[in-house]
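Subject: Handing over the structure

Hi,

Here is the structure I said I would pass on. Have a look at it first, and then read my notes underneath.

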Amino acid sequence: MAGRQVRAPEKTIAVPDHNVPTTEGRDKVIENEDSRIQVDALDKNARDFGINYYPVSDVRQGIVHIVGPEQGWTLPGMTVVCGDSHTATHGAFGALAHGIGTSEVEHVLATQTLIQSKSKNMKVEITGKLAPGVTAKDITLSVIGKTGTAGGTGYVIEYCGEAIRALSMEGRMTVCNMAIEGGARAGLIAPDQTTFDYVKGRPHAPKAAQWEAAMDWWKTLYSDDDAHWDKVITIRGEDIAPVVTWGTSPEDVLPITDVVPAPEAFKGGKVEAAKRALDYMGLTAGTPLKDIKIDTVFIGSCTNGRIEDLRAAAAILKGKKIKDGMRAMVVPGSGLVRAQAEEEGLADIFKEAGFEWRLAGCSMCLAMNPDQLSPGERCAATSNRNFEGRQGKGGRTHLMSPAMAAAAAITGHLTDVREMM
Amino acid sequence: MDKFESFSGVAAPMPLVNIDTDMIIPKQFLKTIKRSGLGVNLFAEMRYLDDGSENPDFMLNTPAYRNAEIIVAGDNFGCGSSREHAPWAIKDFGIKCVIATSFADIFFNNCFKNGILPIVLPQEQVDVLMKDAEKGSNARLDIDLENQTVTTSEGESFAFEVDPFRKHCLLEGLDDIGLTLEKVTSIDGFEAQASQARPWV
């Protein structure tokens, strides 16, 4: 900070998530020295600058994009920035929320401002109703499959339509979370009664007369019917199937009923990229996706580490066991999600099925902590990125919804969850 | 920040599309609390073999491109995470300019904060530059920010766009926090007004 102060510490929150272990005892000592130094530096800075802070010893600690909304920090109409690309999550509340780099974080801390130019806007409308077994994760992956990972570059996306309106706040956060995987720095959804019901009563939400005043303004935060859009994408909710990724980019997405594509089916630079992806993933074109065997299941992350995600996975796992030899892990997105899942009996379902029941953090989504894949290990993951090495060097990631990941844990291969419902 | 000066440098061709920030700097190197010294880890998983030795097939390990100062890349360079370690590693390696048909937004912004010039050009022009870069260390590209041109070793020149304010900051090596703080009265005014209009924030 070059001797500068934090301009608005009361509007700033910090929480360790990326690099913390998710095993017991971490509040006493973090064994990895680099991680310990990083967390200690955060502890000290939060204290020195008077920032709102949730250390690992606090039950409210968790992934920042789960903690912010849970504590009522994230409100409609706000501008929210954070040094993490999945900040788009907070757009679910009708906030303009996007990831920034370290230098921009420094700029915001010092000035409470950021120099920006106006983005283009894209309307992504999901009409109609989702079929059983299809979730918010399938919506957001299907949109990326349609736009490509660069399709949203330079845009802010507004998700709308009947199928979006029908989603809970948890589902909406899942959708907005992955806007960045489509290249859009921010994705948002106009606030409505679902939003207000979620926000009301949270620790940092407005109270009493201020709540009424805030509601009056929040209700005005929607796009006009005749608003101008730079790009419009419409998908019928009924056309969305449970999907999985087959490659090393989130745009490499297909319905679970499909087969591994041939690189020649693509155009331009994507042909080489697809060849490289199949080689890295150890897959052959033409293989049915349902025949792909997996070694590991990871349920968690800022995309799918909320209570509704754990409920969806537990509904599939109830009374069942994971496949012999399978390594399976549930990492709740926050300490409060974890506590609620324990209270609802979900933790017992996971444990009885053979899952490890972890403490909150980013965990295996990015392997910046002890939770990692080994080379060649294949994982069904509810996280957001299937990049080479993302979950550990040589690790192979297939992205999907929590229910799909739970189904794969039981059968040992990628599975159409609709067959288990 | 150092001033960005016009230069002539070797360009490494990296035609792969969607080069993501996990490729540019794998997560195990994000645990540093410093911005320097990351060049050795740039593209670590492609650049080094399992035993830690250099992968002789990786572009930046070949004699022609060890001292590259420019990367000519495929579409959507820098997609993925907001980690500023990506531009830090690129800069520390010695790369001052990346040319592609498109960049991910956050990476693009992060470049300017670190004295790196990302240049967006149409596919046909990137194709020409890619071919030129493939000639190795004898072919050097000229990068002229002042006049906004890239010139191949054969003298073919392409004009590029850059935001005037960002250009100014790069050329002068300016710290934009300092610039913003000169406007503190406007910020104070905005905040006073905002806290009246939306006291709950």
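**Inside chain A: two domains in contact**

Domain 1 of chain A and domain 2 of chain A bury about 1,600 Å² between them, and carbon and sulfur atoms give 56% of that area. Before going further, keep in mind that this is a predicted model.

Where do the two domains sit in the chain? The domain assignment of chain A puts domain 1 at 117–239 and domain 2 at 243–420. Their C-alpha centres are 24 Å apart. On the contact itself, domain 1 of chain A brings 20 residues and domain 2 of chain A brings 24.

As for what holds hands across that boundary, the rule picks out one salt bridge between domain 1 and domain 2 of chain A. If you'd like to look at a salt bridge in chain A, try A:E181 and A:R385, whose side chains meet at 2.9 Å, N to O. Polar contacts between the two domains come to eleven residue pairs, with both residues at pLDDT 80 or more.

On the domain 1 side of this contact, α4 (136–147) and α6 (169–177) of chain A each give at least two residues. The largest share comes from α4(A), with six residues. Sorted by class, that side of domain 1 has six nonpolar, ten polar and four charged residues.

**Between the chains**

Now for the contact of chain A with chain B. The two chains bury about 4,200 Å² between them, with 58% of it on carbon and sulfur atoms. Chain A puts 57 residues into the contact and chain B puts in 46.

How many salt bridges does the rule find across the interface of chain A and chain B? There are six. For polar contacts across this interface, the count is 21 residue pairs, again with both residues at pLDDT 80 or more.

On chain A's side, the elements giving two or more residues are α1 (33–49), α3 (102–111), α8 (208–218) and α9 (269–281). Of the side of chain A that touches chain B, α3(A) provides the largest share, at seven residues. By class, this side of chain A is made up of 19 nonpolar, 23 polar and 15 charged residues.

**Two salt bridges to click on**

Over all chains, the salt bridges add up to 34 by this rule. One of them joins A:R4 to B:D175, with the closest N and O atoms 3.2 Å apart. That pair crosses between chains: A:R4 is in the segment before β1 (13–14) of chain A, while B:D175 is in the loop between α6 (164–172) and α7 (176–181) of chain B. Another is A:R7 with B:E191, where the closest N and O atoms are 2.9 Å apart.

**What the record says about chain B**

For chain B, an unreviewed UniProt entry lists residues 1–124 as "domain: Aconitase A/isopropylmalate dehydratase small subunit swivel". In the model, the end C-alpha atoms of that span are 33 Å apart, and the span is 22% helix and 16% strand.

That's what I have for now. Happy browsing!

Note on methods
Residues numbered from 1 in each chain as written. Chains lettered and ligands numbered in written order. Predicted model: local features only at pLDDT ≥ 70, side-chain atom pairs only at ≥ 80, totals over all residues. Heavy atoms only, no water. UniProt positions renumbered as here; feature names shortened; annotations may be inferred. Helix = DSSP H or I, 4+ residues; strand = E, 2+ residues; numbered from the N terminus. Contact = heavy atoms within 4.5 Å. Buried area = accessible area lost by both parts, 1.4 Å probe. Salt bridge = Lys/Arg side-chain N within 4 Å of Asp/Glu carboxyl O. Polar contact = N/O pair within 3.5 Å; in protein donor to acceptor, adjacent residues only side chain to side chain. Nonpolar A, V, L, I, M, F, W, Y, C, P; charged D, E, K, R; others polar. Domains from an automatic or database assignment.
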